[in-house]
Amino acid sequence: MDMKATAARTTEVETQHFDVVIVGAGISGVGGAYHLTKQCPDKSFVVLESQDDFGGTWLTHRYPGIRSDSDLYTFGYRFKPWTSAPIATAAEIRKYMGEVIAENDLGRHIRYRHRISSASWSSERKCWTVDATRTDTGEAIRFTANFLWMCQGYYRHSEGYTPQWPGMDRFKGRVVHPQTWPEDLEIAGKRVVVIGSGATAATLVPAIASDCAHVTLLQRSPTFFITGRNANELADMLRELDIPEEWVHEIVRRKILKDQANFTRRSFEEPEKVKQELLSAVRAYLGPDFDVDKHFTPSYRPWRQRIAFIPDGDLFRGIRDGKASVLTDEIEAFTETGLLLKSGATLDADIIVTATGFNLNVLGDIAFTVDGRPLAFSDTVTYRGAMFTGVPNMAWVFGYFRASWTLRADLIADFVCRLLKHMDTRGAVSVTPTLREADEGMHLSPWVDPENFNPGYLMRGLDLLPKQGDRPPWQHAQDYWTEKDELPVADLDDGALVYE
């Protein structure tokens, strides 16, 4: 036997073909898998997940108290009733997702510990080639697919964003990021400083306040929060009437969405009134002597950044009871024992938690090529916030800023399934968003208008994202209440999609 030929065969990469490859087994990927089985049962597919299990964000983040910052009646899937408290822990969300996987036999489609390194489109073969590595064995595996469905989220799971301050190497304690919370971190009796003012910080502080000696929330600027009971009175009443859970889920979901639409509209039309309503709720917890203007009054109007829900006001109760404190200042430098602030004050700490956000991850840090040419997504124009000019047979799920992520994941899943069936009807093997003659030269703007919505992770990585146009379908609407009506009837033959 030819030894060289034998060696060549043993080093060949195994290739498996599917109609659809879904990237990511988080909330979007599991939902996409469900919709494919129901709406396109004839399509073969695989879900590739780099982590050891399903869950995405809810598996990655393991810091104390991790919970949703929006209600599960809308963050949950439309097809699977949510039956517990509206604000849920990561464990409860993963249990819910696990039920979806088990009830619909999705587990056989999911391949864990598969890290994708590259994806290349061939116009000649009309398919994607996806190269991955088994993280547990180091084995190289190759997949080919007619369609690529990116459901990997929007941030890098391996590391969070931590600014580099002077003197960080001098600090004698531990510096940790919530995204990579160490299992061996002991906080009992420790002085903890949590840097940040978003949902993560607001979740973490009350979760550890009773265990550590003291926890200080250190923020450069305040954030808006919504307070309320972690319960839904309408859902409770309907259950008392023995209404089926499917009905409860849909009725409560619609009521919440109507309330959210009204709140969002009011935040634009009467921002000062909405601002005072939010601050009044904070004052009700902290009392008249607390400086709410300094510590909880942002300089921007409501909903210019995401507003996190604080169940039962736990963050504010911890501050009121003296277990936690809030300090609005900026960091000059780290010291051996803590922080030197720009005001000249010092803040001693044993542990410093940098709840300072995410690193934006554009399509999974995967090296994309189209016909051998490296693909820069920032050079593309988005089609309905889900596909990209010049990129065939690929969709990306990017959820809503002012509503639950899963609402858009469900809508995009419907769109992808409808598109796949439409391609079959046309006898097409590829579909590529392409600017029509009338669209050439139109004004292009960023993926999101910074004047409309400007969280830090987006502003830091805005130059990495696709552009949007000044007219449909080249816009990233970010408006559930518009897209829920428009996406299901979007014209797939208006010339913006080129089929072959």
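This passage describes a pocket and a small antiparallel sheet in a predicted model.

We may begin with the pocket. The second largest pocket of the model encloses a volume of about 830 Å³. Its lining is made up of 33 residues, and those closest to the centre are Asp71, Ile226, Ile256, Gln260 and Phe309. Several elements give two or more residues to this lining, namely strand E10 (225-228), helix H7 (233-240), helix H8 (245-269), helix H9 (271-286) and strand E11 (308-311). Among these elements, H8 gives the most, with seven residues. Sorted by class, the lining of the second largest pocket holds 17 nonpolar residues, alongside seven polar and nine charged ones.

Attention now turns to the sheet. Strands E13, E14 and E15 form an open sheet, arranged in the order E13-E14-E15 with antiparallel pairing. Because E13 and E15 stand at the edges and each has a single partner strand, one side of each is left without a neighbour in the sheet. Neighbouring strands of this sheet are turned by 25° against each other on average, when direction is ignored. As a general point, strands of a sheet pair through backbone hydrogen bonds, in either a parallel or an antiparallel manner.

The pairing can be followed strand by strand. Strand E13 (residues 331-334) and strand E14 (residues 338-341) run antiparallel and are joined by three bridges. Within this pair, Ala333 has Leu340 of E14 as its bridge partner, while Phe334 stands opposite Leu339 in E14. In a regular strand, side chains alternate between the two faces of the sheet. The connection from E13 to E14 is a hairpin that passes through three residues.

On its other pairing, E14 meets strand E15 (residues 346-348), again in the antiparallel sense and over three bridges. Here the bridge partner of Gly338 is Asp348 in E15. The hairpin of E14 and E15 has four residues between the strands, and in this hairpin Gly344 takes a positive phi near 100°.

Taken together, the two hairpins link the strands in turn: E13 is joined to E14 through three residues, and the hairpin of E14 and E15 has four residues between its strands.

How values were computed
Residues numbered from 1 in each chain as written. Predicted model: local features only at pLDDT ≥ 70, side-chain atom pairs only at ≥ 80, totals over all residues. Heavy atoms only, no water. 1 Å grid on protein atoms, 1.4 Å probe; cavity = no way out; pocket = protein on both sides within 12 Å on 5 of 7 lines; lining within 4 Å. Points joined across faces, edges and corners; volume = space filled by probe spheres on them. Nonpolar A, V, L, I, M, F, W, Y, C, P; charged D, E, K, R; others polar. Pairing = 2+ DSSP bridges. Axes fitted to C-alpha atoms, helices over the stretch in contact; angles between N-to-C directions.
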